[in-house]
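User: Please take a close look at the nonpolar patch on the surface of this structure. Which residues make the patch, and which helices supply them?

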Amino acid sequence: MQTTLPKGSKKLMNAWAFYDWANSVYPLVISSAIFPLYFGFLFPKETPDVQFLGYDFKATALISFVTAFAFLVVAFISPFLSGIADFVGNKKRFLQFFCFLGASSCIGMYWFTVDNIYFGITCFFFGLIGFWGSLVFYNSYLPDIAFTEQQDGLSARGYSMGYIGSVILLLICLYLILSKEGVEALEMMKVSFALTGVWWLLFSQYAFYYLPKGNKNADKITKDILLSGFRELKKVKNELLKHLSLSRYLAAFFVYSMAVQTVMLVATYFGEQEINWADTEEKTKGLIISILVIQLVAVLGAIVTAKLSNKFGNIKTLIVINSIWVVICVCAYFVTEPIHFYVTACFVGLVMGGIQALSRSTYSKFLPKTEDTTSFFSFYDVAEKIGIVIGMCVYGLIDQITGSMRNSIVFLAVFFIVGVLLLFRVPKSVPKE
């Protein structure tokens, strides 16, 4: 019989962090590396438009629209889920449900073929929802299992474990794919999807065994519980209007975050479609190595950005980073050769890690004195996801109309430029503790 572990228990906290090891393979192996590569082989640049739901789509535009719709669904259901996470008596079941949904969708993507596109796109769609939906309940466990002074360290441990686990599986997949050629290599990419789902499902069991069922202050879901998340968001919106600095910063973040998140989601598709690779093997190896480079350099970027913000201030540093993003988007329009792509990937990693880390910490520093930080970050999270929806739709629409991802990438510079202009309206220093 399972023993309920006390709050702050080392074993309990390790079990929670281990879910990061389990689920972080999805964003790296599926979203960033292997699936964009496989999708590009199924639908090369010269292929005719793909017919889907009675309409003709450019393949890369189609995946942008599907991704945008998935994030729209997540943005809409997140307040429902956060309300459940706060009050329901067995939130572990919800975490398990979304884990199973995401993992089984990854396994289902093994059967993604040109002739089976509806099933494949459906699995891709529910994989996204499974991953992001599970995070709502996973993150809500943090204050339940760790004391305040333990939470920062435990959160960092989870991210570290997730990074290590996902890189290990990506390297295994890379070995499997590069050990084959032609059709067999494509088969190994499909095997990689299944491995991701199995890894996610298998390793999450350790977390599920030790995590408590959840809060005991409610034994059923009511209408009030379902709508509590929306009420919290409305309360935060009203509070934002009272704090000019915070509302101005959030407006700037919303705009430039559209472009940041879109670049992260489409970078591999761009590299697969627009770069003059010598052959299939160079393309496969080059794209996956680029993703690993971005991951590694992003860590360095976060550290460097933290030091710069300490010296020059958060807002000034964000203005500089967004300006660098403008240059990257413009330069990407002219990127054609692998060496150009590698160099661009290094710069993307450097500013990607920096802007994500600094954006969240800057928002935290601008928050008014309140005990209800969860609601404020829920608002931040929903704003970020809606930004992704807009960014991906704009990117996909330009790609669809013009027939070139280069036009879409260079247009993203507009979001960064507007973001810089809005940041100039924010006080250059953040409130002191």
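Analyst: Patches are made of residues with over 30% relative accessible area and no salt bridge; nonpolar side chains (Val, Leu, Ile, Met, Phe, Trp, Tyr) are joined within 5 Å, like charges within 9 Å. Accessible areas come from the Shrake-Rupley method with a 1.4 Å probe, and for residues only the protein chains shown count as cover. A salt bridge is a side-chain nitrogen of Lys or Arg within 4 Å of a carboxyl oxygen of Asp or Glu.

The model is predicted: local features need pLDDT of at least 70, side-chain atom pairs count only at pLDDT 80 or more, and totals for chains, interfaces and linings use all residues. Residues are numbered from 1 along each chain as its sequence is written, and side-chain values use heavy atoms, with hydrogens and water left out.

Leu300, Val304, Leu308, Phe312, Ile339, Val343, Phe347 and Leu350 make a nonpolar surface patch of about 700 Å². Helices (H or I, at least four residues) and strands (E, at least two) are DSSP runs, numbered from the N terminus. At least two residues of the patch come from each of helix H11 (280–312) and helix H13 (338–366); valine 343 is one of the residues in H13.

Salt bridges, which patch residues lack by definition, number four in the whole structure. One of them joins the side chains of lysine 58 and aspartate 399, at 2.8 Å from N to O. This pair links distant parts of the chain, 341 residues apart: lysine 58 lies in the loop between strand E2 (55–57) and helix H3 (59–87), and aspartate 399 in helix H14 (residues 373–402).
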